[in-house]
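Please open the model in your viewer and set it to a cartoon representation, with side chains available on request. The tour below proceeds from one selection to the next.

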Amino acid sequence: ALRLGYMVLPEQLKTPLKKMHSELYRGGHQLTQAALADFIREGYYAAHIRKMRQLYSRRRQFLVNLINDKLGGSFLGQYNSNAGLHLILQLPADVDDVSLAQRASRQGILVRALSSYYAGEKSQSGLLLGFASMEETEINTHFHRLASLIREAQQA
C-alpha cells in the first residue's frame, strides 16, 4: 500500500534518476523514502528478509511433503528449486491442465496452467502452485481438494 521501492545504481546514474524521480513525484514520498532508507540502514530490512525466507521455506517444504504423500514424487516438476514462491506440479500428459485449473478456480483454488506459459506447440501439462501467502492449514485444505480434482481428471 505504501508503494515503496529502492534501486542500487551505478554512481553515474544517480543524478539523472534523482531528477527523473523528482519529475515523476514532484517532491512527494521523500519522507517515506527516507524512512525506508533508515529501515534498510539499521538492518530491519535484512531481518525481515531472513524471517520471510524461513517462513516461505517452511511453507514450501510443507507443500512438497503433501505432494509426495498424496500424489507421489513424480508430480514434482524437474524445474523446482528452493528458490521462488511457487512450485511446479507436473501432471500426466493426458491431463488437461487448463481445464483442471478452471475446475480448481470454481472451488476457490487459484492455480495456473503450466501449458499456458509455453510458446509454440510443445508444452508440458502441469500447474503452477503458489504457497507464500497461505498458512499451512489453508495449503493443506486446498491441496487435498486439488488432489481430488487431479485424481478425477486422471480417471476421465
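The coordinates come from a predicted model. Begin by selecting strand S2, residues 112-113, together with S3: the two pair in the antiparallel sense over two bridges. Within this pairing, Ala 113 stands opposite Leu 127 of S3.

Next, select S3 itself, residues 126-130. Is this strand mostly covered or uncovered? It is mostly covered, with four of its five residues buried. Add strand S1, residues 86-90, which also runs antiparallel to S3, here over five bridges. On this side, the residue that stands opposite Leu 127 is Leu 89.

Now display the side chain of Leu 127 and its surroundings. Setting aside neighbours within four places in sequence, its contacts include Leu 87, Ile 88, Leu 89 and Leu 91. Among its other contacts are Asp 97, Leu 100 and Ala 101, as well as Val 111, Arg 112, Ala 113 and Leu 114. Leu 146 is a further contact of Leu 127.

Keep Leu 127 on display and turn to the largest nonpolar core, which has 27 residues. Which of its members touch the most other members? They are Leu 89, Leu 127 and Leu 146. At least two core residues are supplied by each of helix H3 (44-70), S1, helix H4 (97-106), S3 and helix H5 (136-155). The largest share, seven residues, comes from H5.

Select H3 next and place a distance between its end C-alpha atoms. The separation is 39 Å, in agreement with the 39 Å that its 27 residues should span at 1.5 Å a residue. Then colour the buried residues of this helix: Met 52, Leu 55, Arg 59, Arg 60, Leu 63, Val 64, Leu 66 and Ile 67. The list of buried residues thus includes two arginines, Arg 59 and Arg 60. What covers the buried residues of H3 includes S1, S3 and H5. After the helix comes Gly 72, with a positive phi near 110 degrees.

For the last stop, show the second largest pocket, whose volume is about 340 Å³. Of the 18 residues that line this pocket, Leu 110, Val 111, Leu 129, Gly 130 and Met 134 are the closest to its centre. S3 and H5 are the elements that give two or more residues to the lining. H5 provides the largest share of the lining, four residues.

Notes
Residues are numbered from 1 along each chain as its sequence is written. This is a predicted model: local features need pLDDT of at least 70, side-chain atom pairs count only at pLDDT 80 or more; totals for chains, interfaces and linings use all residues. Side-chain values use heavy atoms; hydrogens and water are left out. Buried means under 20% relative accessible area, exposed over 50%, partly exposed in between (1.4 Å probe, protein chains only). Two strands pair if DSSP finds at least two bridges between them. A nonpolar core is a set of buried Ala, Val, Leu, Ile, Met, Phe, Trp, Tyr and Cys residues joined through side-chain atoms within 4.5 Å. Contact means heavy atoms within 4.5 Å. The expected span of a helix is 1.5 Å times one less than its number of residues. On a 1 Å grid over the protein atoms alone, a cavity is a set of points where a 1.4 Å probe fits but cannot get out, and a pocket is an open set with protein on both sides within 12 Å along at least five of seven lines; lining residues have an atom within 4 Å of a point. Grid points are joined across faces, edges and corners, and a volume is the space filled by probe spheres set on the points.
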